[in-house]
Amino acid sequence: MDIIQRNFLRLLKYGAFGQREQIEPMSAWKWNRLFHISQMHDVTPWVYDGILAYKDDFFLQIRPQQMEAWRQAAIDADTEIQKEEEQKLTNPLLNHTLQQFIKDEKDSPTLELLLKIIRIARCILTQGINMKDIVELGVYLRTTKDTLDYQQLETWIKKLRMEKITRLEAALLIHLFAIQPEEIPFTKTSISKKTIKIAEDILNTSSEQAADWYFTQGKNVFVGTNSGAMMWHVRHSAKYMGYYPSEAFTNFFANFAHSLSHIEE
């Protein structure tokens, strides 16, 4: 992890969780890179809150024009309307179980936590781990802990066969944001070399790799594709398949079918 990524996580941890760590000095170019990283991961408001908290720190030397760019980007992100997606699984049996939970437990804080875990799981299988979703999961755990039924949540996770991928999400919370294991009582996990590698991949991966995985019709009538993007998706799916195998297979073919639907008639 380089100095830009270290400072990025420190500012993000303070902005989202109030955890203060020493900032390292950086050049204007590196601060600009950190700005773009925060936008890529959709966490600019939290990082900006961290910057404001460190404004008197000797090592936080950000030029006025850069600070204005941060301020405006944070405002834009805060005012952007987020469209809430319906949560579902591509495995028909698991999705039937999930929809029953949703029907029976509408507006339950515990159900909302389950849906956040599922949202991250589906994102992991499809395009990689979204930093914003991980942060929101940690914030939700801390702000609603007194209203959560952890035993019920653990039961749901088992019925949806999500134990492994839930442990991965918990491990990332612990490794990236120093969330304590006792704050995640519905699963047991530990930090491994694999977890650390996945955390590093999050900071190095661009969501653009997943976004352009679409098929287009070539001049020779045969279906052509962005082969680089497709191969990335195949490798990515194989890498995380073991964390949620009962959903991973159907998810891959569902995305394949979705890509085919973009062929021009």
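Visitor: Welcome me in with a helix: which residues are separated by about one helical turn in helix α6 (residues 109–126)?

Guide: In this predicted model, the two residues sit four residues apart in helix α6, so about one helical turn lies between them. Their side chains meet in a salt bridge, with N to O at 3.8 Å. The pair is lysine 116 and glutamate 112.

Visitor: Is lysine 116 buried or exposed?

Guide: Happy to work that through with you. Buried means under 20% relative accessible area. The relative accessibility of lysine 116 is 14%, so this residue counts as buried.

Visitor: And how does glutamate 112 count, with a relative accessible area of 27%?

Guide: The range between under 20% and over 50% is called partly exposed. With its 27%, glutamate 112 is therefore partly exposed.

Visitor: What is the N to O distance in the salt bridge of glutamate 24 and arginine 10?

Guide: Side chains of opposite charge can pair when their charged atoms come close. Here the pair links distant parts of the chain: arginine 10 is in helix α1, while glutamate 24 is in the loop between α1 (3–17) and α2 (28–40). Arginine 10 counts as buried at 15% relative accessibility, and glutamate 24 as partly exposed at 21%. Their N to O distance is 2.6 Å.

Visitor: Which residues do salt bridges that share partners join into one network with Arg10 and Glu24?

Guide: A search of the whole structure finds nine salt bridges. Some of them share partners, and Arg10 and Glu24 belong to one network of this kind. The others joined into that network are Arg6, Lys13 and Glu21.

Visitor: How many residues apart in sequence are the parts tied together by arginine 142 and glutamate 183?

Guide: The closest N and O atoms of this salt bridge are 2.8 Å apart. Arginine 142 belongs to helix α7 (residues 131–143), and glutamate 183 to the loop between α9 (163–177) and α10 (193–204), so the bridge ties together parts separated in sequence by 41 residues.

Visitor: How are α1 and α3 placed, roughly parallel or roughly perpendicular to each other?

Guide: The axes of α1 and helix α3 (residues 44–53) are 7 Å apart and make an angle of about 90°. Angles of 65 to 115 degrees count as roughly perpendicular. The two helices are therefore roughly perpendicular.

Visitor: How many nonpolar residues are in the contact of α1 with α3?

Guide: On the α1 side, the residues include Phe8, Leu11 and Leu12, and on the α3 side they include Trp46, Val47 and Ile51. The contact also has two polar residues and one charged residue, and the nonpolar ones number nine.

Conventions:
Residues numbered from 1 in each chain as written. Predicted model: local features only at pLDDT ≥ 70, side-chain atom pairs only at ≥ 80, totals over all residues. Heavy atoms only, no water. Salt bridge = Lys/Arg side-chain N within 4 Å of Asp/Glu carboxyl O. Buried < 20%, exposed > 50% of the residue type's maximum accessible area, 1.4 Å probe, protein only. Axes fitted to C-alpha atoms, helices over the stretch in contact; angles between N-to-C directions. Parallel < 35°, antiparallel > 145°, perpendicular 65-115°, else oblique. Contact = heavy atoms within 4.5 Å. Nonpolar A, V, L, I, M, F, W, Y, C, P; charged D, E, K, R; others polar.
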